[in-house]
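Thanks for coming. I have one structure to go through today, and I will keep to a few places in it. Here it is on the screen.

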Amino acid sequence: MLKVVISEFMDEAAIRAELAGFETLYDPTLVDRPDALRAALQEAAGLIVRNRTQVRGDLLAAAPDLKVVGRLGVGLDNIDLPACAARGIAVHPATGANDGAVAEYVIGTALLLLRGAYGASAQVAAGAWPRNASMGREIAGKRLGLVGFGAIARETARRAAALDMAVSAFDPYLTPEDTAWRPAHGSVTRAELDALIASSDVLSLHVPLTEATRGMIGSDAITRMPPGAILINAARGGVVDERAVVDALRSGHLGGAALDVFAEEPLDAMGGALFADVPNLILTPHIAGVTQESNVRVSAVTARAVRRSLEG
Ligand SMILES: O=C(O)[C@H](O)COP(=O)(O)O
């Protein structure tokens, strides 16, 4: 019986439904026990991971029979794709299964940060009545800029258009003729990156982490954003210069930021100190794509892809 190792959390019903014909080892603690993971992989034909298991080097060497890697998400920066290709190991991301979760995160944080009033609870409970200071902004009529216009950005655009935002996007991989620029609901304007940065009230990132995108939104870019603009990163840490975001929030140039992903996850002591007491900042633990619903979808899609791949 072929063996499938699952080293991070997933919906167990998907394992039962899709991987019944295989020997499965589901142990979400394996990601933090590299020796045990390597030992478990010795006879494994399949491996299922989220974003923390580093599928490269030592781990691949410890898995001589590995035929397929299922990724419970879409980012592939934790997987050495050329090394997998060289060994003929198939890699299956859960494309499409968490788009809606990320899109809702982007819209939700944009609404929260523009309105700003939700931070008043403690003051109101204490008897204060900060009405003028709590007068925030509406999302309708604001310009949303999407850096990258793949599936998640398109879902975000559809929701933003329904809220009467004006949506633009930058994506060097889409030709002007691509039908993505003519969505069934709402409209999206194709923009160059510099123009998008300079003209977006809300800028949301939807690019993978690659050598081309690392540091893409640094202090230069942030300085060129309109005063009071909101920055949302639910893509990958490393695309944004975290110190530049903090400086721009402290100076008041940025009106708010939501960061779901970080160069170092979890934050180390330096990251913790950097973000302490920064105004108008929402920090979340790489959860934009992970909801109860998306966990079910992502797990089913991934387990199915691994089963099909192993069944040939
Ligand atoms: O790449 C993704 O889809 C997101 O980062 C969420 O993925 P994960 O929670 O499976 O790592």
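Gly252, just after helix H10, takes a positive phi of about 90°. Keep in mind that this is a predicted model.

Now go back along H10 itself, which covers 242-251. At its start, a side-chain oxygen of Asp241 comes to within 3.0 Å of the backbone nitrogen of Arg243. Which residues of H10 are buried? They are Glu242, Ala244, Val245, Val246, Ala248 and Leu249. As a reminder, an α-helix has 3.6 residues a turn, so residues three or four places apart point the same way. What do the buried residues of H10 pack against? On the helix side, their partners are H9, at 219-224, and H11, at 269-275. On the strand side, they are S10, S11 at 254-259, and S12 at 281-283.

Between strand S10, at 229-233, and H10 there is a loop, and Arg236 sits in that loop. Is Arg236 buried or exposed? Its relative accessible area is 11%, and the cut-off for buried is under 20%, so Arg236 counts as buried. Its side chain makes a polar contact of 2.9 Å with the side chain of Asp77. Another polar contact, of 3.4 Å, links the side chains of Arg236 and His286. Leaving out residues up to four places away in sequence, Arg236 also touches several others, including Asn51, Arg71, Gly75 and Val261.

Arg236 and His286 bring us to the ligand, as both are among the residues around it. The others there are Arg50, Asn51, Arg71, Leu72, Gly73, Val74, Gly75, Asn98 and Val290. By class, that shell has 3 nonpolar, 5 polar and 3 charged residues.

Next, the distances to ligand oxygen atoms. For His286, a polar side-chain atom lies 2.5 Å from a ligand oxygen. For Asn98, an N or O atom of the side chain is 2.9 Å from a ligand oxygen. For Arg50, the corresponding value is 3.1 Å. On its own the ligand has 310 Å² of accessible area, and the protein covers 93% of that.

Last, the record. An unreviewed UniProt entry lists residues 108-288 as "domain: D-isomer specific 2-hydroxyacid dehydrogenase NAD-binding". In this model, that span is 30% helix and 17% strand. The C-alpha atoms at its two ends lie 10 Å apart.

That is what I have. Questions are welcome.

Methods. Residues are numbered from 1 along each chain as its sequence is written. This is a predicted model: local features need pLDDT of at least 70, side-chain atom pairs count only at pLDDT 80 or more; totals for chains, interfaces and linings use all residues. Side-chain values use heavy atoms; hydrogens and water are left out. Helices (H or I, at least four residues) and strands (E, at least two) are DSSP runs, numbered from the N terminus. Buried means under 20% relative accessible area, exposed over 50%, partly exposed in between (1.4 Å probe, protein chains only). A polar contact is a pair of N or O atoms within 3.5 Å; within protein, one must be able to donate a hydrogen and the other to accept it, and residues adjacent in sequence count only if both atoms are side-chain atoms. Contact means heavy atoms within 4.5 Å. A residue is near a molecule or strand if one of its heavy atoms lies within 4 Å of it. Accessible areas come from the Shrake-Rupley method with a 1.4 Å probe; for residues, only the protein chains shown count as cover. Ala, Val, Leu, Ile, Met, Phe, Trp, Tyr, Cys and Pro count as nonpolar, Asp, Glu, Lys and Arg as charged, and the others, Gly among them, as polar. UniProt positions are given in the numbering used here, feature names are shortened, and annotations may be inferred rather than shown by experiment.
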